[in-house]
Amino acid sequence: MHIKTPHLLLLTLIFLAAGEAAATTLTVTPAKLTQSDREITIRWSDLPDADGLDHVAIYSPPSSSDRDFLGYLFLNGSASWRSGRGELALPRLPNLRAPYQFRIFRWPAKEYSYHHVDHDGNPLPHGRHRVAVSGDVAFAGSAARPEQVHLAFADGIDEMRVMFVCADAGKRSVRYGLGKEEEKGWTEVGTEVRTYEQKHMCDAPANDSVGWRDPGFVFDGLMMGLEPGRKYFYKVGSDLGGWSETYSFISRDGEANETIAFLLGDMGTYVPYNTYIRTQDESLSTVKWILRDIKALGDKPAFISHIGDISYARGYSWVWDHFFSQIEPIAASTPYHVCIGNHEYDWPSQPWKPSWSTYGKDGGGECGIPYSVKFRMPGNSILPTGNGAPDTRNLYYSFDSGVVHFVYMSTETNFVQGSDQHNFLKADLEKVNRSRTPFVVFQGHRPMYTTSDETRDSAMRQQMVQHLEPLLVTYNVTLALWGHVHRYERFCPIKNLQCLNTSSSFVYPGAPVHVVIGMGGQDWQPIWQPRTDHPDVPIYPQPGISMYRGGEFGYTKLVATREKLTLTYLGNHDGQVHDMVEIFCEQTSGEDSAAKAVVGTKLGSAASTKLKISPLYLEIGGSVMLALILGFAFGFLVRKKREAAQWTPVKNDES
């Protein structure tokens, strides 16, 4: 029986196509990643007719379908790509508790489609025309070894919480003690373990095959009975699964007379490849500069505060692994505190969604679950998700650190008067011990005040002013810090839209200074509020209540003593201070206040009080009064001139 010519031609074409695919080689080294390996090298050769859209896609686990990649790199990143061979370097990837695999794909220009796009509207590869597959790239040693270690304060002043991730739920412990070389005398405590499943996610992509990856098991250990202000060493794990390296931290001291904290919002995560969502390259610089400042402190205690929009995973679960690997150098030695933001929580069926809110799908279907399992903050604020999934936690809480009382709230759940959260905030602020903590710092994600052109949240801001500002003013909150807007902006001490002081160094005047600190890493920047009568006047005027604003990425550093709280804004491009505000605390005892009241009464009664004042004092007093009158008159004229011009020159980093 003879094979007909068309059939022979078809078989020849199939053979040639198979030969072409088999001829292309792809290797990735090292095949076993150790702790010291900082880079992965991808090499390929014999790729015919190289095209600018050819790419290598990254997978984990290796059983993932071609369409469900983690990310990809275009081969044209190599100088020699046109020759059909080349090399790309990839920074170390986090341990996803499963091996990685790499695959090369062709992407014909005619199949370049805007029907399947990423977060920014750019077409995504479709996972067709695979031509080469690498061997698996795994992590050396046991997959049970602890990863993603991070600390947090607990409810007890003599406690410190540590959390970490392992591939299995087997028994793990925490060992800790005062001497690094004296492990035999260390204390050992057990841990709790939690996880979550794909069925718990509320929406796509978190509950879809493209976004879901097994998160492993999160372990939670509590170190107790710590001596105040001492340097402790610790490690986590087990003899069977392996131990982490040894880390250290400074325990909290309830009698400390100094507070140091690093505060920011909206930092996000650096991911070294293209993926479905926008990631935050600048977050690497933020972590770098904070690490510099922490090292400079030596054995002084500090903590980090990240007020919402934490990883920007938005339903792509492996981004959380990148985030925790990125912050481990700072979070394993310095407590890392968070509050919930829209990109951790918001989804269409969230329990509280008033008509004036702008809650949407920013959480990517996570509905706060990864955030609630991977972090554990002080307190016990809980809200059911309503779908049988683990409860949402870490919504509102507070703690003392040195001379400052810190309060965290959730802008994504019910905060109006009468709600559980509002009741907590009121009760917490009422019982602050001002002799122990003369300063109070209040934090949440969405800002109460901003001069950015963020109009969609204007109704929510009005609700925050109505329901929250009376608490801040009544209970003498010093600072109110917010994120969400990816800029830095410092307001004057403000009450009912009125400035109580416009300098950058002053005694607390009776209302908080609001500061937006959402410049931690997310690069989408809203414009400032424009004006309609441009171009005769500046298009982005700086309102009188805004003291300083800038678009530079960075973070803030808080240093407080009993007398003064200082907040500085440090920019990522140079690591230097760009803005600063100093708030002095005027602490007086009850007797002092009563004495001042009596003196005031006597001075106001001319019939019963006679004062002997020397001529020298009269001359000095007269000179001072004359200077005050002249200064007032000059200031009045300057103010009238500015009001006539109807704009204030912008003071920022962008000019």
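Select strand 11, residues 160-166, in this predicted model. Show its side chains: Met160, Val162, Phe164 and Cys166 point one way from the strand, while Arg161, Met163 and Val165 point the other way. Every one of these residues is buried, on both sides. Counted along the strand, that is 7 of 7 residues buried.

Next, add strand 10, residues 147-153. Strand 10 runs antiparallel to strand 11, and 5 bridges join the two. To find one of the pairings, pick Leu151, whose bridge partner in strand 11 is Val162. Then trace the chain from strand 10 to strand 11: the two form a hairpin, with 6 residues between them.

Now select strand 14, residues 217-223. Strand 14 is also joined to strand 11, by 7 bridges, and again the two run antiparallel. Stay on Val162 and look across to strand 14, where Gly221 stands opposite. Val162 therefore serves as a reference point for both pairings, with Leu151 as its bridge partner and Gly221 opposite it in strand 14.Move on to the largest nonpolar core, which has 129 residues. Select Phe102, Met223, Tyr234, Tyr336, Phe375, Leu479 and Leu558, the members that touch the most other members. Then colour helix 3, residues 318-331, which supplies the largest share of this core with 8 residues.

Finish with another core, which lies apart from the largest one and has 30 residues. Trp352, Val407, Cys492 and Val516 are among its members and will bring it into view. In soluble globular proteins, nonpolar side chains tend to be buried together.

Technical notes: Residues numbered from 1 in each chain as written. Predicted model: local features only at pLDDT ≥ 70, side-chain atom pairs only at ≥ 80, totals over all residues. Heavy atoms only, no water. Core = buried A, V, L, I, M, F, W, Y, C linked by side-chain atoms within 4.5 Å. Buried < 20%, exposed > 50% of the residue type's maximum accessible area, 1.4 Å probe, protein only. Helix = DSSP H or I, 4+ residues; strand = E, 2+ residues; numbered from the N terminus. Pairing = 2+ DSSP bridges.
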